[in-house]
Amino acid sequence: MDINILWQKTDKIALGLSGGVDSIALFHLLVTKYKDSYKELVAFHINHGLREQSYEEAEFVENFVKNYNVKFYKKELNMKDLVRDSHTLSLIHISEPTRP
């Protein structure tokens with residue numbers, strides 16, 4: 001698989017990883033086939049905490065990234081309590097107070 005590279009070899013790339021097949025496949029391509037196409041890769045994961053599986057997904061992503069020499073950042077939002085307390089509001093409205 002080839003991707004259209006839109007960055008320079010001197011660029012730093014930040015990649016959000018959901019734990020799904022698309023983001024994991026892109027990460028794998030970047031750390032293998034395209035590892036010489038950028039200066040630095042940083043990966044991050046945000047766990048919304050809305051599903052029980054989200055904690056397992058966050059652990060999977062963190063453990064997967066540990067296999068490579070890539071900086072990794074994670075954040076847990078625990079939006080489950082917000083959704084329960086505000087069940088009539090949309091997720092977009094609930095997430096507004098957590099944005100910087």
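# A tour from His 45 outward

Start by selecting His 45, which is buried, with a relative accessible area of 6%. The limit for calling a residue buried is under 20% relative accessible area. Keep in mind throughout that this is a predicted model.

**Stop 1: around His 45.** His 45 sits in strand S2. Show the residues it touches, leaving out those up to four places away in sequence: Leu 17, Ser 18, Ala 58, Val 61, Phe 72, Tyr 73, Lys 74 and Lys 75. Which backbone atom lies 2.6 Å from a polar atom of the side chain of His 45? It is the backbone oxygen of Leu 17.

**Stop 2: the whole chain.** Zoom out and switch to a cartoon view. The chain has 4 helices and 3 strands. Followed along the sequence, they give the pattern β-α-β-α-β-α-α. The chain has 100 residues, and 27% of them count as buried. Among contacts with a separation of 6 or more, 68% are between residues 24 or more positions apart.

**Stop 3: the sheet.** Select the strands. The 3 strands make an open sheet in the order S1-S2-S3, with parallel pairing. Strand S1 (12-16) and S3 are at the edges with a single partner strand each, so one side of each has no neighbour in the sheet. On average, neighbouring strands of this sheet are turned by 20 degrees against each other, direction ignored.

Now look at S1 and S2 together. They pair in the parallel sense over 5 bridges. Two places to find along this pair are Ala 14, which stands opposite Val 42 in S2, and Gly 16, which stands opposite Phe 44 in S2. Then colour the two faces of S1. Ile 13 and Leu 15 make up the covered face, while Lys 12, Ala 14 and Gly 16 make up the uncovered one.

**Stop 4: helix H1.** Select residues 21-31, which form helix H1. The buried residues here are Ser 23, Ile 24, Phe 27, Leu 29, Leu 30 and Val 31. What do they pack against? Their partners are S1, S2 and H2.

Stay in H1 and pick Ser 23, which belongs to this helix. Ser 23 is buried, with a relative accessible area of 12%. Apart from neighbours within four places in sequence, Ser 23 is in contact with Leu 15, Gly 16, Leu 17 and Ser 18. Two of the names in that list, Leu 17 and Ser 18, were also touched by His 45 at the start.

**Stop 5: helix H2.** Next select residues 53-65, which are helix H2. At 1.5 Å a residue, its 13 residues should span 18 Å, and the C-alpha atoms at its ends are indeed 18 Å apart. Show the side chains of the buried residues of H2: Ser 54, Ala 58, Val 61, Phe 64 and Val 65. Why are they said to be on the same side of H2? They cover an arc of only 135 degrees around the axis, which puts them on the same side.

These buried residues pack against helix H1, strand S2 (40-47) and strand S3 (71-76). H2 lies across S2 and S3, and runs at about 165 degrees to S2. Ala 58 and Val 61 can be kept on display together with His 45, which touches both.

Then single out Ser 54 in helix H2. Ser 54 has 2% relative accessibility and counts as buried. Not counting residues up to four places away in sequence, Ser 54 touches Asn 47, His 48 and Gly 49. Add Gly 19 to the selection: Gly 19 and Ser 54 are 35 residues apart in sequence, and their C-alpha atoms are 9.1 Å apart in space.

**Stop 6: the loop at Lys 33.** Finish in the loop between H1 and S2, where Lys 33 is located. Is Lys 33 buried or partly exposed? Lys 33 counts as partly exposed, at 47% relative accessibility. Beyond its neighbours within four places in sequence, Lys 33 is in contact with Met 1 and Asp 2. The side chains of Lys 33 and Asp 2 are joined by a polar contact of 2.6 Å. These two residues are 31 residues apart along the chain, and their C-alpha atoms are separated by 9.0 Å.

How values were computed:
Residues are numbered from 1 along each chain as its sequence is written. This is a predicted model: local features need pLDDT of at least 70, side-chain atom pairs count only at pLDDT 80 or more; totals for chains, interfaces and linings use all residues. Side-chain values use heavy atoms; hydrogens and water are left out. The expected span of a helix is 1.5 Å times one less than its number of residues. Buried means under 20% relative accessible area, exposed over 50%, partly exposed in between (1.4 Å probe, protein chains only). The arc is that of the directions from the helix axis to the C-beta atoms. Contact means heavy atoms within 4.5 Å. A polar contact is a pair of N or O atoms within 3.5 Å; within protein, one must be able to donate a hydrogen and the other to accept it, and residues adjacent in sequence count only if both atoms are side-chain atoms. Two strands pair if DSSP finds at least two bridges between them. Axes are lines fitted to C-alpha atoms, for helices over the stretch in contact, and angles run from 0 to 180 degrees between N-to-C directions.
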